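Hi everyone, thanks for making time for this. I'd like to walk you through one model today, so let me put it on the screen.

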Amino acid sequence: MRIADVLRNKGAAVVTIHPDATVMELLAGLAEHNIGAMVVIGSDGLEGLASERDVVRQLHVHGASLLARPVSTIMTRLVTTCAKADSADEVSMLMTEQRARHIPVLENGRLAGIVSIGDIVKSRMEELQAEREQLRTYIAQG
């Protein structure tokens, strides 16, 4: 299974935020869309990824004043990315190695989607279920 298959199942929509937006705006967007991270897009394209984990780690350091700070001060700047042609298994291993729960998908340098570890697990479970059904049918016909 390829990342393109995962995106086909879940959709390619990506919720983004500008690096100058406040952490409070980030939290409002995460809650509104029921997601765990947003891709940070600036004038030069992909600048980072801002997640719930980033907020919690910085909240511990800065307290409530963090909410008024720009997203650029808390985002992860070195973002692991993947391509639609990458295998879901490879990306799953990359997520484990990098301890990354969300990976933006780039196609020709442009944002084409985002996959989470949950998206990959769900797609893999659906794939295993389909294989199971095929085996049952094969055995029943045998």
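Let's begin with Glu127, which sits in helix H5. Please keep in mind throughout that this is a predicted model. Is Glu127 buried, exposed or partly exposed? Its relative accessibility is 26%, which lies between the 20% and 50% cut-offs, so Glu127 counts as partly exposed. Now look at where its partner sits in the chain: Glu127 and Met1 are 126 residues apart in sequence, yet their C-alpha atoms are 8.4 Å apart in space.

That brings us to the start of the chain, and to helix H1, residues 3-10. Which residues of H1 are buried? They are Ile3, Val6 and Leu7. Looking down the axis of H1, you find these buried residues within an arc of 95°, so they line one face of the helix. Turn to the other side of H1 and you meet Arg8 and Asn9, which are exposed. What do the buried residues pack against? The list is H4, S4, strand S5 (110-116) and helix H5 (117-141). Just after H1 comes Gly11, with a positive phi near 100°.

Now for the helix pair, H1 and H5. Two packed helices are described by the angle between their axes and the distance between the axes. Here the axes come within 10 Å, and they cross at roughly 95°. H1 and H5 are therefore roughly perpendicular to each other. Who meets whom in this contact? From H1 we have Ile3, Val6, Asn9 and Lys10, and from H5 we have Asp119, Ile120, Ser123 and Glu126. Sorted by class, that contact holds three nonpolar, two polar and three charged residues. Notice that Ile3 and Val6 turn up again here, having already appeared among the buried residues of H1, while Asn9 is on the exposed side of that helix.

Next, some backbone angles. Most residues other than glycine have a negative phi. Which way does the phi of Asn34 go, positive or negative? It is positive, about 55°, although Asn34 is not a glycine. You'll find Asn34 in the loop between helix H2 (23-33) and strand S2 (37-42). Its relative accessible area is 71%, so Asn34 is exposed. Further along there is Arg99, another residue that is not a glycine and has a positive phi of about 55°. Arg99 belongs to the loop between helix H4 (88-98) and strand S4 (102-107). With a relative accessible area of 66%, Arg99 is exposed.

One stop in the middle of the chain: His60, in helix H3, residues 52-62. At 71% relative accessibility, His60 counts as exposed. If you'd like a distance to check on your own screen, His60 and Leu30 are 30 residues apart along the chain, and their C-alpha atoms are separated by 19 Å.

Finally, a word on annotation. An unreviewed UniProt entry carries "domain: CBS" over residues 8-66 and 75-131. What does the model show over those two stretches? Residues 8-66 are 42% helix and 25% strand, with the end C-alpha atoms 37 Å apart. Residues 75-131 are 46% helix and 23% strand, and there the end C-alpha atoms are 40 Å apart.

That's my tour, and I'm happy to go back to any part of it.

Technical notes. Residues numbered from 1 in each chain as written. Predicted model: local features only at pLDDT ≥ 70, side-chain atom pairs only at ≥ 80, totals over all residues. Heavy atoms only, no water. Helix = DSSP H or I, 4+ residues; strand = E, 2+ residues; numbered from the N terminus. Buried < 20%, exposed > 50% of the residue type's maximum accessible area, 1.4 Å probe, protein only. Arc of directions from axis to C-beta. Contact = heavy atoms within 4.5 Å. UniProt positions renumbered as here; feature names shortened; annotations may be inferred. Axes fitted to C-alpha atoms, helices over the stretch in contact; angles between N-to-C directions. Parallel < 35°, antiparallel > 145°, perpendicular 65-115°, else oblique. Nonpolar A, V, L, I, M, F, W, Y, C, P; charged D, E, K, R; others polar.
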